[in-house]
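Trainee: I've just opened this one and I'm a bit lost. Can you walk me through it?

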Amino acid sequence: MKLNEEKSEKVAVNKYLISKGVDAFFTDIYNVYLFIVRFFKAVFTAPFEFKEIINQCYQVGYKSLPLVALTGFITGIVFTKQSRPSLSTFGASSWLPSLISIAIIRALAPLVTALIAAGKVGSNMGAELGSMKVTEQIDAMEVSATNPFKFLVVTRILAITFMLPVLVLFTGFIGMMGSYLNVYHNELTSFTAFFKSAFNTISFLDIFSSIFKATMYGFTIGVAGCYQGYNAQNGTQGVGRAANSAVVLSMFMIFVEELVIVQLVNAIR
Amino acid sequence: METTKENTAFEEPAILIKGLKKSFGNLVVLNGVDLEVRKGENIAVLGRSGSGKSVLIKIISGLLQPDSGSVQVLGEQVDNISAADLQRLRLKIGFSFQSSALYDSMSVRENLAFPLVRNKRELSAAAVNTAIEEVLHEVGLSQTIMQMPSELSGGQRKRIGIARTLILKPEIMLYDEPTSGLDPITCGEINKLIIKVQQQYKTSSIIITHDLTCAKATANRIAMLLDGKFLATGNFDTVFDTQNESVRSFYDYNFTTHENNK
């Protein structure tokens with residue numbers, strides 16, 4: 001009996017190449033890779049779901065505007081208030097617009113908008129697709145001769161990839177406005193002087209890298225949300241897990257990408 | 001009821017399955033299944049939960065791939081078919097899901113319009129509206145057209161699910177547990193609807209169920225799935241006129257137990 005138990009335990013251990021967790025981690029990475037390959041194959045083949053892409057752009061873009069505007073505005077004000085004492089110590093308050101513009105355009109606008117989008121849009125994609133998966137709605141779509149991957153996944157990934165750069169530019173603008181209001185309130189700097197000083201320090205590379213980052217973050221949020229939702233299992237518990245994993249995975253990947261892109265841009269600069 | 005009798009008038013096979021095998025890991029679900037569904041015929045597939053009934057119709061509709069064996073639907077080999085041909089074939093197959101699987105972000109009208117506008121793009125808006133009104137009338141739920149799926153009862157959801165498949169005028173209907181979770185009166189209405197669909201749309205159907213009342217009322221033949229194989233096939237009385245304990249216990253549980261409980 002004991003021999004049998006030992007034997008079955010050995011078989012159970014031998015089922016995994018390294019260990020259960022490590023195997024699952026690498027299997028997941030491979031599956032995400034396959035998911036991305038499938039996306040690129042589907043995106044360039046007809047039929048193109050233009051109507052649904054526009055609908056999704058409206059859902060993820062237009063409907064996120066109030067939230068990112070408020071966040072951008074607060075970020076602009078808070079960052080200005082936090083930076084002022086340090087600059088004042090060196091008598092460099094006049095550098096405030098330059099510092100704020102560099103911080104907002106290069107880092108804060110893309111990062112804050114992406115994190116907000118990961119929480120709002122990524123979780124929504126994970127939960128919505130997860131719910132459709134566990135209630136057989138995706139199967140129903142497939143048997144009614146509609147490709148659910150193209151209709152549900154490709155459209156959502158494209159929408160967030162296109163819309164996040166727009167949202168980042170909008171957040172940047174609102175953030176700068178928030179900062180200006182604070183600067184005007186304290187230093188009575190004119191609108192023209194503030195923005196002249198702000199844009200003197202910003203280069204084309206800053207704006208381009210910001211848009212590039214936003215595109216990458218959007219794609220990441222879309223892939224993470226759709227992958228988790230499309231592969232949800234185990235009923236309502238699985239839907240919750242899909243939404244949660246979509247947010248955690250996309251936020252983690254956003255920070256990793258931020259690190260890599262900053263290194264690349266600094267090397268170019 | 002005429003439809004419950006085995007009818008030899010059905011000749012051509014609409015679905016022909018030979019030696020079908022399907023496993024999930026070490027679990028063998030279908031182990032050499034053979035089945036023929038003739039054109040215009042309703043077959044009820046009976047079996048215990050987890051016996052592979054739903055897997056069978058998911059393979060027929062191309063949602064799952066078999067491990068081995070041959071599955072022919074309307075002359076097309078489903079186990080070896082291109083994606084484009086499968087899409088075309090699916091227009092002729094209606095699948096009514098156990099959970100109804102209505103798109104919960106869409107109204108009843110949008111649910112019904114979805115397969116039609118996507119697959120018959122040449123149709124005018126007026127033609128789409130007419131088709132929606134027609135199928136809703138067929139299932140007796142014209143008043144629900146503007147409602148959301150969450151506002152419908154279980155029986156209404158099942159009927160809208162069937163209406164959504166009927167809008168494409170399928171030649172084959174696959175019903176997955178059409179009466180599960182419904183009260184006896186609603187079950188009776190669904191049974192009548194299944195027979196109406198068979199007669200009006202001339203469909204060949206597979207009805208997956210463990211409700212013998214549904215099977216008896218709607219099917220021309222019964223197929224009993226046990227241990228991955230069809231243990232008995234024939235009309236209702238033939239299948240259950242047996243000494244096989246597994247088949248008898250299925251019958252006894254559905255009828256004798258219920259009668260004793262009354």
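**The sheet in chain B**

Mentor: Sure, let's begin with a sheet. This is a predicted model, and in it chain B has an open sheet of 6 strands, in the order 6-7-8-3-9-10, with mixed pairing.

Trainee: Okay, and which strands stand at the edges?

Mentor: Strand 6 and strand 10 of chain B. Each has a single partner strand, so one side of each is left without a neighbour in the sheet.

Trainee: How much are neighbouring strands turned against each other?

Mentor: By 15° on average, ignoring direction.

Trainee: Let's take the strand 6 end. How does strand 6 of chain B run with strand 7, parallel or antiparallel?

Mentor: Those two run parallel, and 4 bridges join them. Strand 7 of chain B covers residues 172-176. For one pair to look at, B:Ser96 has B:Tyr175 in strand 7 of chain B as its bridge partner.

Trainee: And which helix packs on the sheet there?

Mentor: Helix 5 of chain B, residues 154-166, which touches strand 6 and strand 7 of chain B. The direction of helix 5 makes about 170° with that of strand 6 of chain B.

Trainee: Now the other end. In what sense do strand 9 and strand 10 of chain B pair?

Mentor: Antiparallel, over 5 bridges. Strand 9 of chain B is residues 221-226 and strand 10 is residues 229-234. You can spot B:Ala223 standing opposite B:Thr233 in strand 10 of chain B.

Trainee: What do strand 9 and strand 10 of chain B form together?

Mentor: A hairpin, with 2 residues between the strands. In the turn, B:Asp227 has a positive phi of about 50°.

Trainee: Switching topic: how many residues of chain B are in contact with chain A?

Mentor: 14 residues of chain B, and they meet 10 residues of chain A. Helix 2 (83-90), strand 6 (93-96) and helix 3 (108-119) of chain B each supply at least two residues of that side of chain B. The largest share, 3 residues, comes from helix 3 of chain B.

Trainee: What's that side of chain B like by class?

Mentor: It has 8 nonpolar, 4 polar and 2 charged residues.

Trainee: Last one, what about confidence in chain A?

Mentor: Chain A averages a pLDDT of 90, with 95% of the residues scoring at least 70. Among its elements, helix 9 (residues 204-230) of chain A has the highest mean, 95, and helix 1 (residues 2-14) of chain A the lowest, 46. Over residues 1-13 of chain A the pLDDT is below 50, and that stretch has 0 contacts in the model beyond near neighbours in sequence.

Trainee: So how should I treat a low-pLDDT part?

Mentor: Where pLDDT is low, don't read the predicted coordinates in detail.

Note on methods:
Residues are numbered from 1 along each chain as its sequence is written. Chains are lettered from A and ligands numbered from 1 in the order in which they are written. This is a predicted model: local features need pLDDT of at least 70, side-chain atom pairs count only at pLDDT 80 or more; totals for chains, interfaces and linings use all residues. Two residues are in contact if their C-beta atoms, placed from the backbone, lie within 7 Å. Ala, Val, Leu, Ile, Met, Phe, Trp, Tyr, Cys and Pro count as nonpolar, Asp, Glu, Lys and Arg as charged, and the others, Gly among them, as polar. Two strands pair if DSSP finds at least two bridges between them. Axes are lines fitted to C-alpha atoms, for helices over the stretch in contact, and angles run from 0 to 180 degrees between N-to-C directions. pLDDT is the predictor's confidence in each residue, from 0 to 100.
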